[in-house]
Amino acid sequence: MAYITLDKNHFFHNLDIITKLTKTKDKTALVLKDNAYGHGLLQIAGMAKEYGLTKAVVRTDEEAKQIEDFFEYILVLADFAQESNEKIRYTINDLQAINKFAKNTKVELKVDTGMCRNGIVMSELEEAFVLCAKQGLKLEAVFTHHSSADEENEYFDLQNKNFQQVKKEARALAKKYAFDSLRFHSCNSAALFRTNGFDEDMARVGIAAYGCLELPNALHVKGLHVKGLHVNELVNELAPVLSVHAKKISSRKLQKGDCVGYGAAFETECTCDVSNYDFGYGDGFLRSCSHNYVTPEGIKIAGRISMDNASFLTCKEELLIFNDAREAARYAGTISYEMLTSLKAYLPRKVVS
Ligand SMILES: *Cc1c(COP(=O)(O)O)cnc(C)c1O
């Protein structure tokens with residue numbers, strides 16, 4: 001079967017860069033949603049613990065339960081609690097959610113500072129505090145999420161400005177409604193990398209840890225230097241953790257004019273070798289990579305990607321399909337996040353170092 005390798009050295013190297021920006025391991029919360037961006041939840045959780053991270057972010061309660069033994073703190077982004085749990089915190093995504101949590105549940109309040117997706121709107125802040133107090137919830141943090149940290153438009157600055165305002169109001173409300181030591185966080189990977197002098201209580205880092213962060217070249221990130229490197233150079237230092245390898249099912253020699261695969265979509269121009277490998281769109285190879293895809297070793301795809309396999313112009317026994325999801329994603333006209341999270345959970349994952 002096709003399989004995935006995870007480069008532990010690259011992962012640790014990325015975490016070194018990230019913890020330089022957050023200043024401590026304790027302020028680095030690793031985002032593990034969607035099977036750790038396709039890398040494998042338990043494999044990444046195990047390595048994160050070994051590295052010394054203590055915080056994680058997931059989507060569901062079930063994911064949180066699976067990694068309970070690896071972390072001290074787990075934030076659930078979009079789910080409700082089955083039972084109260086010391087380690088797990090749940091996100092309040094709107095006012096209606098507040099009475100769905102049992103007394104004493106640890107919660108964090110998400111505030112919409114301009115993304116218009118999840119979170120209470122800024123004018124509901126006091127009402128949210130009142131409802132949390134009434135429900136007897138343990139409100140521990142107030143956070144927001146950026147729509148455009150990895151793009152060049154006005155939203156990043158606007159949301160930062162709005163969140164400053166939220167923090168100011170929330171600190172006053174925390175006193176009024178007796179929520180002690182409220183914490184604040186707003187940065188995803190891109191935001192962390194373009195923030196000069198990070199000073200919040202935590203950053204929620206996903207794609208940078210997996211080595212696939214991209215910032216627009218044109219982005220004017222002023223002044224941030226870590227280890228003497230400008231932030232764009234710093235981003236270039238990140239190394240992709242995940243590689244996909246496929247195994248050969250069969251080979252054949254083609255004559256000029258033979259056509260390969262569904263739709264007879266690839267016609268040979270000369271005599272050549274073609275082999276079929278066990279990685280198809282059913283496994284997570286985006287079908288939009290058909291026709292033009294070239295592997296990191298320069299091997300060309302032949303025609304359409306099938307459900308369980310894809311053909312390439314080579315006879316190699318094993319084929320490296322990709323080792324940088326950013327590059328692979330370009331062939332599909334998508335982003336590394338989709339390339340990675342498309343990888344099925346049943347593919348074997350091996351940690352290599
Ligand atoms: C997915 C997610 C992140 C991580 O984003 P990256 O760009 O992968 O760093 C952070 N915060 C929230 C709320 C998210 O949903």
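These are my notebook entries on a predicted model, covering its cavity, its pocket, one helix, two annotated residues and some backbone angles.

**Entry 1: the cavity**

I began with enclosed space. I found one cavity of 30 Å³ or more in the structure. I noted a volume of about 50 Å³ for the largest cavity. Next I listed its lining: K110, V111, D112, T113, M115, R117, N118, T144, H145 and Q159. Which element gives the largest share of that lining? I traced three of the residues to strand β6, residues 106-112, and that is the largest share. Sorted by class, I had five polar, three charged and two nonpolar residues around the cavity.

**Entry 2: the pocket**

Then I turned to open space. I put the largest pocket at about 550 Å³. I see 26 residues lining the pocket, and K33, Y37, R117, H145 and N188 come closest to its centre. Helix α2 and α7 (189-193) are the elements that each give two or more residues to this lining. My class tally for the pocket lining reads twelve nonpolar, eight polar and six charged.

I flagged R117 and H145 at this point. Both are on my list for the cavity lining, and both are among the residues closest to the centre of the pocket.

**Entry 3: the annotated residues**

I looked up the UniProt record, an unreviewed entry, and its "binding site" annotation covers R117 and M307. Do these residues gather at one spot or lie apart? They span 191 residues in sequence and their farthest two C-alpha atoms are 34.0 Å apart, so they do not all gather at one spot. Of this set, I had already met R117 in the lining of the largest cavity.

I took R117 on its own next. I found R117 in the loop between β6 and β7 (120-121). Setting aside residues up to four places away in sequence, I get K110, D112 and H145 as the residues R117 touches. I recognised those three from the cavity lining.

M307 went down separately. I placed M307 in the loop between β16 (272-277) and β17 (310-312). Its relative accessible area is 47%, so I wrote it down as partly exposed. Not counting neighbours within four places in sequence, M307 is in contact with G280, Y281, G282 and D283.

**Entry 4: helix α3**

I wanted to know which residues of α3 (41-51) are buried, and my list is L41, I44, A45, M47, A48 and Y51. They sit on the same side of α3, because they cover an arc of only 165 degrees around the axis. What do they pack against? I found β1 (3-7), α1 (8-22), β2 (28-31), α2 (33-37), α4 (61-66) and β19 (349-352). Just after α3 I came to G52, which has a positive phi near 110 degrees.

**Entry 5: positive phi outside glycine**

Last, I checked phi. Most residues other than glycine have a negative phi. I noted K23 with a positive value near 80 degrees. I also noted A36 with a positive value near 50 degrees.

Where do the two sit? K23 is in the loop between α1 and β2, while A36 is in helix α2. I wrote down K23 as exposed because its relative accessible area is 54%, and the cut-off for exposed is over 50%. I wrote down A36 as buried, since its relative accessibility is 0%. I also tied A36 back to Entry 4, since its helix, α2, is one of the elements that the buried residues of α3 pack against.

Note on methods. Residues are numbered from 1 along each chain as its sequence is written. This is a predicted model: local features need pLDDT of at least 70, side-chain atom pairs count only at pLDDT 80 or more; totals for chains, interfaces and linings use all residues. Side-chain values use heavy atoms; hydrogens and water are left out. On a 1 Å grid over the protein atoms alone, a cavity is a set of points where a 1.4 Å probe fits but cannot get out, and a pocket is an open set with protein on both sides within 12 Å along at least five of seven lines; lining residues have an atom within 4 Å of a point. Grid points are joined across faces, edges and corners, and a volume is the space filled by probe spheres set on the points. Ala, Val, Leu, Ile, Met, Phe, Trp, Tyr, Cys and Pro count as nonpolar, Asp, Glu, Lys and Arg as charged, and the others, Gly among them, as polar. Buried means under 20% relative accessible area, exposed over 50%, partly exposed in between (1.4 Å probe, protein chains only). The arc is that of the directions from the helix axis to the C-beta atoms. Contact means heavy atoms within 4.5 Å. UniProt positions are given in the numbering used here, feature names are shortened, and annotations may be inferred rather than shown by experiment.
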